[in-house]
Amino acid sequence: MEDEKNCTGPLMIALQYNDLFDLDSISASTNTDDALPKGRAVTFVKAVQIVNERLVEQKETESLLFEVILIAKECSEEIKMKIVESVKYYGLEIGKFFFCKKEELINTLQSNKVKLFLSTDRDDVCEALHTGIPAAFLYDQCDDHVLSQLKVIISGDVIGFTEDSLDSLSDFGFSETQIETFKAAKICMKEFAVLIGQMRRKFGRENSPLCICVLTAWGSTNVCASALKTLREWGLDVDEAFCLAGAPCSPILAVVKPHILWDAGLHNIRDLSTHS
Amino acid sequence: MSLDPVQVMKVQDPMPSTCPSASNGDSQASWDDSKDIHENEDSTKKPKSPKPENAVTIAVSSRVLFRTEKEQKVFEQKGIEEYLRYQVEHENEPFAPGPAFPFVKALEAVNSRLRELYPDSEELFDIVLVTYNHAHVGIRLINTINYHNLFIERFCMTGGSSPIGYLKAWHTNLYLSADAEKVREALVEGIAAATMFMSEKQIEVSETQLRVAFDGDAVLFSDESERIFKAHGLDKFFEHERENENRLLDHGPLKGFLEVLGKLQKKFYAKGHRLDCPIRTYLVTARSAASSGIRALKTLRAWGLEMDEALFLAGAPKGPMLEKIRPHIYFDDQMFHVEGAAEMGAIAAHVPYGIAQKYPHIKSTNAGK
């Protein structure tokens with residue numbers, strides 16, 4: 001497709017260390033020599049590593065690989081050491097570490113041309129989107145999830161609705177700020193979609209370590225079709241598609257078990273506004 | 001069966017709609033999505049889909065809703081990449097209706113009547129397309145849904161993974177598929193399910209009244225009596241039934257579905273529509289009215305379930321009876337009967353449950369029960 005020539009360099013994904021490690025479970029009784037306890041993002045990083053392995057298997061000089069960078073805000077020297085050690089301990093391939101102040105998060109993301117910022121914190125995701133940084137939600141994986149695929153869900157609503165139609169989402173109880181977040185996400189998504197599409201095409205339909213899904217939570221089947229067509233134009237061939245027409249997302253997400261949920265918060269809000 | 005390629009440009013709304021949100025600037029003719037946003041209460045647009053736990057959810061696979069034989073052949077002979085390429089190439093050609101199509105249309109007819117009588121209720125049929133097709137086929141499926149004016153707003157295209165988890169997530173009351181393996185899996189999980197096949201002959205069915213017919217043993221009831229019959233023969237069967245006349249039969253995989261149909265029927269009766277109820281249920285059993293049938297009737301009564309018509313055939317072939325009834329779907333646990341029904345053009349579905357799956361009926365004997 002058109003962007004084929006532009007696929008230089010890695011697909012950089014930024015994580016925060018408090019998603020990589022579960023700091024809340026550290027108690028007074030924890031041995032300080034142990035590595036930090038694993039957080040949600042560890043299974044994600046492992047899945048990413050598998051995709052990279054398969055890409056390199058196919059082409060040793062492959063440049064379009066995932067690169068994960070870790071951002072840590074407001075850390076003491078002690079914690080910094082701990083982080084680096086723990087990353088090594090779990091065998092996680094982290095490209096770069098950034099230790100910065102809280103206010104510097106957005107700058108750090110921007111200056112490193114991050115293609116995707118992943119976080120479990122909805123506010124962080126929304127803030128990033130509003131400043132034009134592609135950001136998505138890191139979905140909570142169960143620990144026993146079998147790591148055979150990296151699963152990415154893209155919102156059919158955000159892609160399928162036109163800009164004007166997104167405004168009408170207020171009928172479902174979304175606030176203006178929320179709608180602005182969806183619009184911001186719509187703009188940011190394209191670059192990521194193009195890159196991940198290129199990556200996906202390096203594998204066949206079956207046995208792919210990467211799986212792309214479209215989830216349309218509110219829009220009709222036609223909105224979903226519009227999303228599928230648009231993604232196809234961008235070079236992204238989708239594997240799985242779901243259209244919920246207002247049904248609660250959580251039961252479906254629990255079966256899909258995605259790692260990345262690109263929907264600007266649509267799934268959280270919806271479970272609340274079904275009481276409309 | 002090939003259809004002329006249809007340019008599906010406009011959404012075909014079954015109801016006339018006024019569009020409150022502006023589509024004035026929107027010159028896009030295709031996928032005009034501003035028309036499709038679900039509205040809340042008082043709207044003249046497409047009605048909102050009910051919450052899965054409130055509705056009677058019917059999950060259908062793409063191979064039973066539509067005819068996809070040609071595409072299946074491509075898949076089997078040339079593999080998945082070629083299959084997907086073929087589907088995308090023919091994206092604007094809608095599929096022809098499959099075996100479950102009349103059933104789905106009848107469900108929609110019932111929904112219209114329910115909405116008239118109970119405009120705020122969510123106790124409706126909700127049809128979900130659950131297919132393990134890849135999303136590549138999605139656009140063609142959506143085109144086809146629009147072409148046939150079906151009201152299907154929900155789907156899961158699982159791209160090759162098992163659909164069973166999704167069936168549970170949708171609170172599925174009935175799952176129809178062409179794949180016996182998946183149907184068996186669903187039954188094991190306690191979900192009513194049946195396999196459907198395309199037959200060449202198809203008798204006309206009503207467009208206004210949903211007719212659902214059930215076999216008794218191993219469908220509504222457990223296969224307890226079937227077991228006795230298969231193991232010890234007809235006489236032992238009669239003896240067993242006589243002795244146990246007052247002991248209820250255990251429930252079978254489709255009892256739950258009959259139950260939810262009954263609940264919807266009562267909603268019509270409550271508004272004075274008993275005689276012209278748009279849902280009608282039939283029991284079509286090889287049991288005989290005078291003897292073994294009594295236990296079946298007593299069981300149904302104890303369960304609080306009413307059947308509109310109970311046909312005790314005492315071993316006579318079911319085909320001619322089904323031809324008279326013209327059900328939108330007939331559930332039977334024995335392939336022999338399903339095939340017999342199909343020969344007469346009746347729409348039959350196989351429930352792969354119970355002892356009959358291990359000891360299929362031998363065509364030469366047609367023993368009465």
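Reader: Why is E191(A) called partly exposed?

Author: This is a predicted model. In it, E191(A) has a relative accessible area of 45%. Partly exposed is the class between under 20% and over 50%. So E191(A) is partly exposed.

Reader: What makes K115(A) and E191(A) a salt bridge?

Author: The closest N and O atoms are 3.7 Å apart. The cut-off is within 4 Å. So the pair qualifies as a salt bridge. K115(A) sits in the loop between α4 and β4 of chain A, and E191(A) in helix α8, so the pair ties together parts that are 76 residues apart in sequence.

Reader: Is K115(A) buried or exposed, and how do you know?

Author: K115(A) has a relative accessible area of 17%. Buried means under 20%. Therefore K115(A) is buried.

Reader: What makes E71(B) and R140(B) a salt bridge?

Author: Their closest N and O atoms are 2.9 Å apart, and the limit is within 4 Å. So the two form a salt bridge. E71(B) belongs to helix α2 and R140(B) to helix α5 of chain B, so parts that are 69 residues apart in sequence are tied together.

Reader: Why is E71(B) placed in its burial class?

Author: The relative accessibility of E71(B) is 4%. The bound for buried is under 20%, so E71(B) counts as buried. R140(B) is also at 4% and counts as buried.

Reader: How do you know that F174(A) and F182(A) are edge-to-face?

Author: By the ring-pair rule, the count comes to 15 aromatic pairs over all chains. In the pair F174(A) and F182(A), the centres are 5.2 Å apart, with 85 degrees between the planes. A pair needs centres within 6.5 Å, and edge-to-face needs planes over 60 degrees apart. So this pair is edge-to-face. Both F174(A) and F182(A) are buried.

Reader: Why is D164(A) called exposed?

Author: D164(A) has a relative accessible area of 58%. Exposed means over 50%, so the label fits D164(A). The residue is found in helix α7 of chain A. D164(A) also helps form a negative surface patch, with E163(A), E176(A) and E180(A).

Reader: What makes K78(B) exposed?

Author: The relative accessible area of K78(B) is 56%. The threshold is over 50%. Therefore K78(B) is exposed. K78(B) is found in helix α2 of chain B.

Key. Residues numbered from 1 in each chain as written. Chains lettered and ligands numbered in written order. Predicted model: local features only at pLDDT ≥ 70, side-chain atom pairs only at ≥ 80, totals over all residues. Heavy atoms only, no water. Patch = residues over 30% accessible without salt bridge, like charges linked within 9 Å, V, L, I, M, F, W, Y side chains within 5 Å. Areas by Shrake-Rupley, 256 points an atom, 1.4 Å probe, with all protein chains shown as cover. Salt bridge = Lys/Arg side-chain N within 4 Å of Asp/Glu carboxyl O. Lys, Arg positive; Asp, Glu negative; His and termini not counted. Charge placed at Lys NZ, Arg CZ, Asp CG, Glu CD. Helix = DSSP H or I, 4+ residues; strand = E, 2+ residues; numbered from the N terminus. Buried < 20%, exposed > 50% of the residue type's maximum accessible area, 1.4 Å probe, protein only. Phe/Tyr/Trp six-rings, centres within 6.5 Å; stacked < 30°, edge-to-face > 60°.
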